[in-house]
Amino acid sequence: MFDEMTLANDEATPAVAAPKSLADLRPKMELSGKVSRLELYGAFIDIGLDTPALIHISQLGKEHVNRVSDVLKTGDQITVWVDKLDPQRNQVTVTMIKPLAVEWNDLQEGQVYTGLVTRLENFGAFVDIGAPKEGLVHVSEVSNEYLKHPSEQLKVGDEVQVKVLAFNKRKRRIDLSMKALLKAPEPAEPQFVEESEFDDDEEDEAPTSMEIALRAAMGPGVGRDDRRRRSRGRGRHQHSRGREQQEDILSRTLRMQR
């Protein structure tokens, strides 16, 4: 049951400098100690001070422990971390559970961490930053490019830099972003549409004397825009036929004015 737990020894664990006094200790500080006595509720560890440190049975590992002797025996050299300090009572409690690198109280929006990708889903990637809960990088926060799935750029085990966007201790949720640490893409240059040569030719075309007389006879409602709408899409044959009709209307109009 406890095969996966590693008990430190002189060969496997690097030497940790022994503290000279209680004032040298800090929370989460790593120490090397020797088991001096076992009790039902825990064990006492010699960490080099006058007073031994106490490790509670609940701090012997992440799994439930029924008996202290199932994990420790007197004389074991182990690695522990400082859990709590009480200088007034000259007491120190330690743990064999490696403390989190980032506690809930340590989190702040905008902080940058290096983490490991632990899981990929359609909606994003989970990244371990050493906090009580893995953070989520939504697929839209992986890259400046559009991704259908985070696996297009990530794989499990990748070491990535992420920025904290938001977190909620009650919901145990941490929102992270990789895109926020990337350089923003250059804005696309605007596309200008040139006016057609056909429209330019029509703008520059001057009305003939016959067209001017026809407009005067038919009233002010006929202008260049009307002429342009009528002329679009017609072929040379239709244009010639229209001119003949205009001349006929003008001729009859002049006779009536006489």
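## Strands β7 and β8

In this predicted model, Val 127 of β7 sits opposite Gly 135 in β8. The two strands run antiparallel and are joined by four bridges, with β8 covering residues 135-138. Together β7 and β8 make a hairpin with six residues between them. If you look into that turn, you will find Gly 130 with a positive phi of about 90°.

## Strand β7 and its other partner

On to the pairing with β6. Strand β6 spans residues 112-121 and pairs with β7 in the antiparallel sense, over five bridges. One pair to pick out here is Leu 116, whose bridge partner in β7 is Asp 128. A hairpin links β6 to β7 as well, through two residues.

How enclosed is strand β7 by the rest of the structure? Four of the five residues in β7 (residues 124-128) are buried, so the strand is largely enclosed. Buried here stands for under 20% relative accessible area.

## The barrel

Now for the barrel. Five strands close into it in the order β1-β2-β3-β5-β4, and their pairing is mixed. From one strand to the next, the twist averages 55°.

Within this order, β2 (residues 42-46) and β3 (residues 53-56) run antiparallel and are joined by four bridges. Following that pairing, you can find Ala 43 opposite Ile 55 in β3. As a reminder, strands of a sheet pair through backbone hydrogen bonds, either parallel or antiparallel.

## Salt bridges

How many salt bridges does the model hold? The count comes to nine. Side chains of opposite charge can pair when their charged atoms come close.

Let us begin with Glu 39 and Arg 37, whose side chains meet in a salt bridge at 2.8 Å, N to O. Glu 39 has 28% relative accessibility and so counts as partly exposed; Arg 37, at 40%, also counts as partly exposed. Another salt bridge joins Arg 67 to Asp 70, with the closest N and O atoms 3.3 Å apart. Is Arg 67 buried or exposed? Its relative accessibility is 54%, so Arg 67 counts as exposed, while Asp 70 counts as partly exposed at 34%.

## A salt-bridge network

Arg 119, Glu 121 and Glu 134 are linked in a network of salt bridges. Within the network, Glu 121 and Arg 119 form a salt bridge whose closest N and O atoms are 3.2 Å apart. Glu 121 is partly exposed because its relative accessibility is 27%, and Arg 119 is partly exposed at 35%.

Technical notes: Residues numbered from 1 in each chain as written. Predicted model: local features only at pLDDT ≥ 70, side-chain atom pairs only at ≥ 80, totals over all residues. Heavy atoms only, no water. Pairing = 2+ DSSP bridges. Axes fitted to C-alpha atoms, helices over the stretch in contact; angles between N-to-C directions. Salt bridge = Lys/Arg side-chain N within 4 Å of Asp/Glu carboxyl O. Buried < 20%, exposed > 50% of the residue type's maximum accessible area, 1.4 Å probe, protein only.
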